[in-house]
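Colleague: I am new to this structure and would love a close look at a single part. Could you walk me through one helix?

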Amino acid sequence: MKRILLIDDDPLFIECAAPEIAQQGYAVERLFDPRKAEEVIHRTRPAIVITDEMMPYILGHELVARIRRSAPEIPCILISGVVESIPVEEIQGVTVISKSPCSTFCERVLRTIRDAIGYAY
């Protein structure tokens, strides 16, 4: 089973998105504090990281840049309610997904996960 690390400071969002992803057979590790991300990545070696852009302590694109330096083989998906604010030129090769429209968000994330790492099994 492929492991996905889902990082967002919003517990409501994580508790909504994680079951949708897990229902497809992926193991989902939930992380609410982005400061712990590098430790969790080192310990669990997820197949992919999904992180929000707007979080306390560190912005998502800054976290992705750190992940790229320490674990360049791990693909990252950056999610945001305002994708226009993300400096994509600083994080080449990262997929950016808008949280809206909400009705298709999970479908778009799952498609991107499958494109990056394949199906869960």
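Which residues are exposed on the other side of α2?

Modeller: Happy to help! This is a predicted model, in which local features need pLDDT of at least 70 and side-chain atom pairs count only at pLDDT 80 or more, while totals for chains, interfaces and linings use all residues. Residues are numbered from 1 along each chain as its sequence is written, and side-chain values use heavy atoms, with hydrogens and water left out.

Now to your question: Glu39, His42 and Arg43 are the exposed ones on the other side of α2. Here exposed means over 50% relative accessible area, buried under 20%, and partly exposed in between (1.4 Å probe, protein chains only). Helices (H or I, at least four residues) and strands (E, at least two) are DSSP runs, numbered from the N terminus.

Helix α2 covers residues 37-44, and its buried residues are Ala37, Val40, Ile41 and Thr44. Viewed down the axis of α2, these buried residues fall within an arc of 100 degrees, so they line one face of the helix. That arc is taken from the directions from the helix axis to the C-beta atoms. As background, an α-helix has 3.6 residues a turn, so residues three or four places apart point the same way.

What lies over that buried face? The cover for the buried residues of α2 includes the strands β1 (3-7), β2 (27-31) and β3 (48-52), along with helix α3 (60-70); contact here means heavy atoms within 4.5 Å. Finally, look just past the end of α2, where Arg45 takes a positive phi of about 45 degrees.
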